[in-house]
Amino acid sequence: MSEAWQAFKKQENGVRVICLLCNKSYSNPGSNTTNLWNHLKGKHKSKYIELDQIRRGVTSSNDFDDANEDNDLTTTPSFSNSDSSNSFSCFTQQSTSSSNIIQETSCLKQIKMSQFTINKATKIKMDNALAYFIATSMMPYSLVEKEGFQTFVRALNPSYKLPSRKTLTESRIPELYSETRTNVGNIIKNVDFLSLTTDCWTSTSNQPFIALTCHFINSSSGLSSACLGCVELSEDHTGDNIADILHMLLLDYEIPEWKICSMTTDHGANMIKAVKNMNISHVDCYGHSLNIAVSRILKMEEVMNVVHKVKDIYNIFAHSWKSVREMGKIQEKFGLPQKKFPSFSKTRWWSILELINTIIEQELGLTSFLRGYKNGEFKKLCLRENEIDILKNLSSVLQPIREITDNLAADSYVTGSAIIPIISSLNSKLANVVESSNINDIITEINFDEPDHLQNNNIIKKMYEIVIGVLNQRYTNNVTLMLCTAVDPRFKVDYIDDLPYIKNLLIEMCEITFKSWQQSKDDRNQIMCLNVQPEVKKKKTGLFAIFQAPPNNDYTERDLTLTQKIEKEINLYLNFPKSNFEQDPIQWWTTNKDTYPFLYILVKKYMTAQATSVASERVFSRGGCVLTDLRSSLTNDHASQLIFLSMNKNYVSKPTF
């Protein structure tokens, strides 16, 4: 049955037909519908397009019904000869008059066929947009084979044919990857200095990777970062092999050695050797250092048994939904927060801290639960008063450390300069605890009894000693961090003991850094004018010629050597009051760069130092979303491309239409 009969019905004599839209009568003794189509095309173009597309299989009548319904337009039901009378009655009920139908259908905008047909250039643009979506949103290549996605794309544009997986993997994604690498490379070439972080990772499919990220001051005087690569590490993870791979990545981006401030890694022997082989200043990851310190605290004799009991309490709720239900009833009974006991991980020490804090908060309800659940089967896990005190002491030490770690894990603001001040602050806390313990020792000798708070002080003292011992071992005499702290206007040299040494170090490194930077500018024919080259003396006129300074002082500044100028700037900087802790140090230097032009060059290098290697670990978090169990067969090259594009989403060119 022709689709034209949806707009016509035969009269009783069977020789003529009548248009349901305008009531016009036509002769049609047979089954030919050419004159009917001509009438629709000439008089009712919107209805003609609708029925013609149904005839060609472009869309269905239901689609148009939905579209018209969304636009509050009168819908026209389908008709056939067998039920023409019933159909006509339905049609007349939906329309008040033929004139209303004509008025409403004339409001429909004629659809241009160019909206459904695309040329080759448009097809490539749409393919690139799909590649951008897959790469930056970590979608699988198999998306193009999903029936639901194909249906959705056909609804948007029936003329667009989705590319195959082979086209995406061998053409579209590699092209996008190559273009993004070029964008990142151009940005790296234009920055003055940068710092690096790196780390290794093994995927769920047992594929080894190494990631390298860089951090630099952008044109807006803020810190930015970019992933330089996440590549396969199929060789043995020795220091020499790691150094070779990292060196190749730096060569790909043409990053010279003098441009690099430091590289932040964990304390693994292979990583330390790799950085040493590359002749780059090394910074231990502060997060890894604290993880080692906390793991040692949890193994303290006074703490270990209590922590083991805490883990056993967690296991009750982790393996039984009934226990969670019963604990919820007790929480409601005692008016406690309806909170579940968080899980913990061996590699994330702060997870045990969250569990401890929850147990301290839920102490009353937890004790009631352990005594009553399963007829007191877990009664032995009830925490005694001294054990609760140990957990509170543990929380009081670890909670500030957790907050410090969170603040130093960011890469959008300066972090490296805070490590030395934080260690100094922890030393001060330890000194206060020691002093309090000494006073309690005197009281104990008089009273011949050891109070509980003295035991607590001793435990806290041991905890601080462990943390500070690890930090001092890894950060003492770290030149990079000392320079980073000294040029931070919030700290300066207040936390550095040897003032003459740090001043001489500032002068030396400032001179070396400035000469390297200036040589780079000279190579690009961009010589900086910082009063280094002799200036042409201008003839003094007017009042200046009368009241000018004495001739002996006229050439004083010009006659100073580079070292003397730098020393003068450093003395001026150190004597200037410190900024408040809410001040962004990079913005402070941007405001004062004209006052300290030489020192500002050193600042742009050392303000990029990273306190942690979290930036590289974030790469692996993305990698875990790309290399899932369902995508374990993804090749290493394709995985590297997708991880790189996902991490550098800000530098991926968006398709334009």
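Trainee: What volume does the second largest cavity have?
Mentor: Good place to start, and keep in mind that we are looking at a predicted model. Rolling a probe the size of a water molecule over the atoms shows where empty space is left. Two cavities of 30 Å³ or more are found in this structure. For the second largest, the volume comes to about 50 Å³.

Trainee: Which helix gives the most to the lining of the second largest cavity?
Mentor: The residues around this cavity include Ile 359, Glu 363, Leu 366, Thr 367, Leu 370 and Ile 388. Now look for the helix that supplies the most of the lining: its share is four residues, and it spans residues 363-372. That is helix H15.

Trainee: How many residues in the lining of the second largest cavity are nonpolar?
Mentor: Let's sort the lining by class. One residue is polar and one is charged. Among the nonpolar ones are Leu 381, Cys 382 and Leu 383. The nonpolar count is seven.

Trainee: How much space lies in the largest pocket, and which residues are the closest to its centre?
Mentor: The space in this pocket is about 630 Å³. Its lining is made of 19 residues. The closest to the centre are His 288, Thr 347, Arg 348, Trp 350 and Glu 617.

Trainee: Which helix gives the most to the lining of the largest pocket?
Mentor: Several elements each supply at least two lining residues: strand E4 (194-202) and the helices H11 (286-298), H14 (349-361), H16 (385-408) and H27 (614-626). By class, the lining has six nonpolar, seven polar and six charged residues. The top contributor gives four residues, and it is H27.

Trainee: Between which domains does the largest pocket lie?
Mentor: We can reason from the lining. Two domains both give residues to it, so the pocket lies between them. They are domain 2 (174-283 + 628-651) and domain 3 (286-476).

Trainee: Which strands stand at the edges of the open sheet of three strands?
Mentor: Strands of a sheet pair through backbone hydrogen bonds, either parallel or antiparallel. Here the pairing is antiparallel and the order is E1-E2-E3. Each edge strand has a single partner, so one side of it is left without a neighbour in the sheet; that applies to E1 (8-10) and E3 (25-27).

Trainee: In E3, which residue does Ile 18 stand opposite?
Mentor: Let's follow the pairs across the sheet. E1 and E2 (residues 16-19) are paired over three bridges, with Lys 9 partnered by Ile 18 and Lys 10 opposite Val 17. Three bridges also join E2 to E3. On that side, Ile 18 stands opposite Ser 25.

Trainee: In the hairpin of E2 and E3, which residue in the turn has a positive phi?
Mentor: Start with the hairpin of E1 and E2: five residues lie between the strands, and Gly 14 takes a positive phi near 75 degrees. The hairpin of E2 and E3 also has five residues between its strands. There, the residue with a positive phi, about 65 degrees, is Asn 23.

Trainee: In the open sheet of five strands, what is the order?
Mentor: This sheet has mixed pairing. E4 and E7 run parallel, joined by three bridges, and Leu 196 has Met 263 as its bridge partner in E7. E6 and E8 (282-284) each have a single partner strand, so they stand at the edges. The order is E6-E5-E4-E7-E8.

Trainee: Is Ser 221 buried or exposed?
Mentor: Ser 221 sits in the loop between strand E5 (208-217) and strand E6 (223-232), with phi near 60 degrees. Its relative accessibility is 12%, and the cut-off for one class is under 20%, so Ser 221 counts as buried.

Trainee: And is Glu 254 buried or exposed?
Mentor: Most residues other than glycine have a negative phi, and most peptide bonds are trans. Glu 254 has a positive phi of about 55 degrees, and its place is the loop between helix H9 (239-252) and strand E7 (260-265). Its relative accessibility of 57% passes the cut-off of over 50%, so Glu 254 counts as exposed.

Conventions. Residues numbered from 1 in each chain as written. Predicted model: local features only at pLDDT ≥ 70, side-chain atom pairs only at ≥ 80, totals over all residues. Heavy atoms only, no water. 1 Å grid on protein atoms, 1.4 Å probe; cavity = no way out; pocket = protein on both sides within 12 Å on 5 of 7 lines; lining within 4 Å. Points joined across faces, edges and corners; volume = space filled by probe spheres on them. Domains from an automatic or database assignment. Pairing = 2+ DSSP bridges. Buried < 20%, exposed > 50% of the residue type's maximum accessible area, 1.4 Å probe, protein only.
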